[in-house]
Amino acid sequence: MNSPVMLGPQIVGLIEVVFVVSGLFLLVRHVLSASGRKAAAAARARADTTLLWDISSTDFLLFIFCVITGGLLAQMICSPLLALFGIDINAESDRSAATLLLGGAFHGGMLAGVAFFRLALRREEKTRTAPRSVWARGLGTLLIALPLVAASALAWQSLLRLCGIEIHEQDLVGIFAETDSALILGSMALLAVVSAPITEELVFRAGLFRFLRTRTPRWVALALPALLFAAMHANLASFVPLAVLGIVFALAYERSGTIAVPILAHALFNLNTIVMILAGLGVE
């Protein structure tokens with residue numbers, strides 16, 4: 001572990017246990033209890049109206065086109081700039097910087113695609129004001145997600161090992177754990193905690209989930225964006241846990257009616273993961 005920041009693993013581990021136990025309590029009280037199921041049913045009914053995205057299939061395909069094209073164009077622009085600054089994509093010594101810059105470019109391009117679609121092509125759509133409880137709901141979503149993600153990760157990775165499939169950590173996780181550059185750490189933290197949550201939630205929850213929510217069976221609307229969200233991270237070991245996380249974020253969006261809640265929960269989840277990595281706790 002060559003990271004310049006090393007937090008006490010015992011302290012971080014204890015805090016994580018408190019988070020997971022708190023998440024289980026919230027899961028039972030606000031999701032599995034009779035009152036929780038009643039509130040969820042009411043939220044599903046409201047979502048038929050509050051999450052209705054009144055656009056045609058052609059416009060939705062245009063939205064997807066803007067997002068993907070924006071990400072790819074940003075990477076195409078970034079690639080020659082790497083060589084200009086002496087960064088070799090294929091060199092092991094430059095792997096951290098190249099991964100960071102290309103990943104940041106792709107997320108930035110996706111976000112630009114979302115902005116172009118919403119501002120230039122859909123001027124009539126208004127942004128809803130987030131409720132005052134967004135911070136509490138975002139934190140609650142994170143806490144509920146932690147035990148579910150941990151359980152699914154344990155089951156999924158045990159199955160992979162049973163099948164003789166080698167488990168590899170995500171590239172960004174490895175870079176976080178190995179880099180000795182404070183600049184790279186700070187830049188990656190900014191990407192993980194700010195850029196990625198905003199971009200991915202606008203695309204997968206406010207975009208794909210919202211479009212499917214009133215046009216397909218609810219399970220399809222929950223599962224398909226979550227599976228695509230997990231697949232985008234290109235890591236087999238984290239595929240199922242990330243899919244579970246995506247479903248939790250979609251349910252939080254449906255229940256709260258504002259995309260600010262899953263964005264905040266996503267940011268807090270990534271921040272929690274970063275703290276665990278810097279503390280030396282294994283995160284696949």
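Buried means under 20% relative accessible area, exposed over 50%, and partly exposed in between, with a 1.4 Å probe and protein chains only. The model is predicted, so local features need pLDDT of at least 70 and side-chain atom pairs count only at pLDDT 80 or more, while totals for chains, interfaces and linings use all residues. Residues are numbered from 1 along each chain as its sequence is written, and side-chain values use heavy atoms, with hydrogens and water left out.

**Exercise 1. The chain as a whole**

Task: State what share of the 284 residues is buried, and describe the secondary structure.

Solution.
Step 1. Buried residues account for 43% of the 284 residues.
Step 2. Helices (H or I, at least four residues) and strands (E, at least two) are DSSP runs numbered from the N terminus. The chain has 10 helices and 0 strands, and its pattern along the sequence reads α-α-α-α-α-α-α-α-α-α.
Step 3. Contact means heavy atoms within 4.5 Å. Of the contacts between residues at least 6 apart in sequence, 80% join residues at least 24 apart.
Step 4. Accessible areas come from the Shrake-Rupley method with a 1.4 Å probe, and for residues only the protein chains shown count as cover. The chain total is about 14,700 Å², and carbon and sulfur atoms hold 69% of that surface.

**Exercise 2. H1 against H5**

Task: Determine how H1 is oriented relative to H5, and list the residues that make the contact.

Solution.
Step 1. Two packed helices are described by the angle between their axes and the distance between the axes. Axes are lines fitted to C-alpha atoms, for helices over the stretch in contact, and angles run from 0 to 180 degrees between N-to-C directions.
Step 2. The axes of H1 (residues 9–32) and H5 (residues 134–162) cross at roughly 105° and come within 7 Å. H1 is therefore roughly perpendicular to H5. The classes are: under 35 degrees roughly parallel, over 145 roughly antiparallel, 65 to 115 roughly perpendicular, and the rest oblique.
Step 3. H1 contributes Glu16, Phe19, Val20, Ser22, Gly23, Leu24, Leu26, Leu27 and Val31, and H5 contributes Gly140, Leu143, Ile144, Leu146, Pro147 and Leu148.
Step 4. By class, this contact of H1 with H5 holds 11 nonpolar, 3 polar and 1 charged residues. Here Ala, Val, Leu, Ile, Met, Phe, Trp, Tyr, Cys and Pro count as nonpolar, Asp, Glu, Lys and Arg as charged, and the others, Gly among them, as polar.

**Exercise 3. H1 against H10**

Task: Find the orientation of H1 relative to H10, and place Asn272 in the picture.

Solution.
Step 1. H1 and H10 pack with axes 10 Å apart at an angle of about 150°, which means that H1 is roughly antiparallel to H10.
Step 2. The crossing of H1 and H10 is left-handed; a crossing has that hand if the near helix is turned anticlockwise from the far one by less than a right angle, and is right-handed if clockwise.
Step 3. Val12, Glu16 and Phe19 of H1 meet Asn272, Val275 and Met276 of H10. These residues divide into 4 nonpolar, 1 polar and 1 charged.
Step 4. Asn272 lies in H10 and counts as buried at 10% relative accessibility. Not counting residues up to four places away in sequence, Asn272 touches Glu16, Phe19 and Leu146.

**Exercise 4. H3 against H7**

Task: Describe the packing of H3 and H7 by angle and axis distance.

Solution.
Step 1. The axes of H3 (residues 57–84) and H7 (residues 182–213) come within 11 Å and cross at roughly 165°, so H3 is roughly antiparallel to H7.
Step 2. The H3 and H7 crossing is left-handed.
Step 3. On the H3 side are Ser57, Phe60, Phe63 and Val67, in contact with Leu202, Val203, Gly207, Leu208 and Phe211 in H7. The contact has 7 nonpolar, 2 polar and no charged residues.

**Exercise 5. Three single residues**

Task: Decide whether His266, Leu142 and Ala234 are buried or exposed, and give the surroundings of each.

Solution.
Step 1. His266 lies in H10 (residues 260–278) and is buried, at a relative accessible area of 2%. Apart from neighbours within four places in sequence, His266 contacts Ala196, Pro197, Glu200, Glu201, Phe229 and Phe249.
Step 2. Leu142 is in H5 and is buried, at 5% relative accessible area. With neighbours within four places in sequence left aside, Leu142 contacts Ala265, Leu268 and Phe269. The C-alpha atoms of Leu142 and Asn270 are separated by 9.9 Å, with their positions 128 residues apart along the chain.
Step 3. Ala234 sits in the loop between H8 (218–232) and H9 (239–256) and is exposed, at a relative accessible area of 68%. Ala234 has a positive phi of about 50° although it is not a glycine. Most residues other than glycine have a negative phi.
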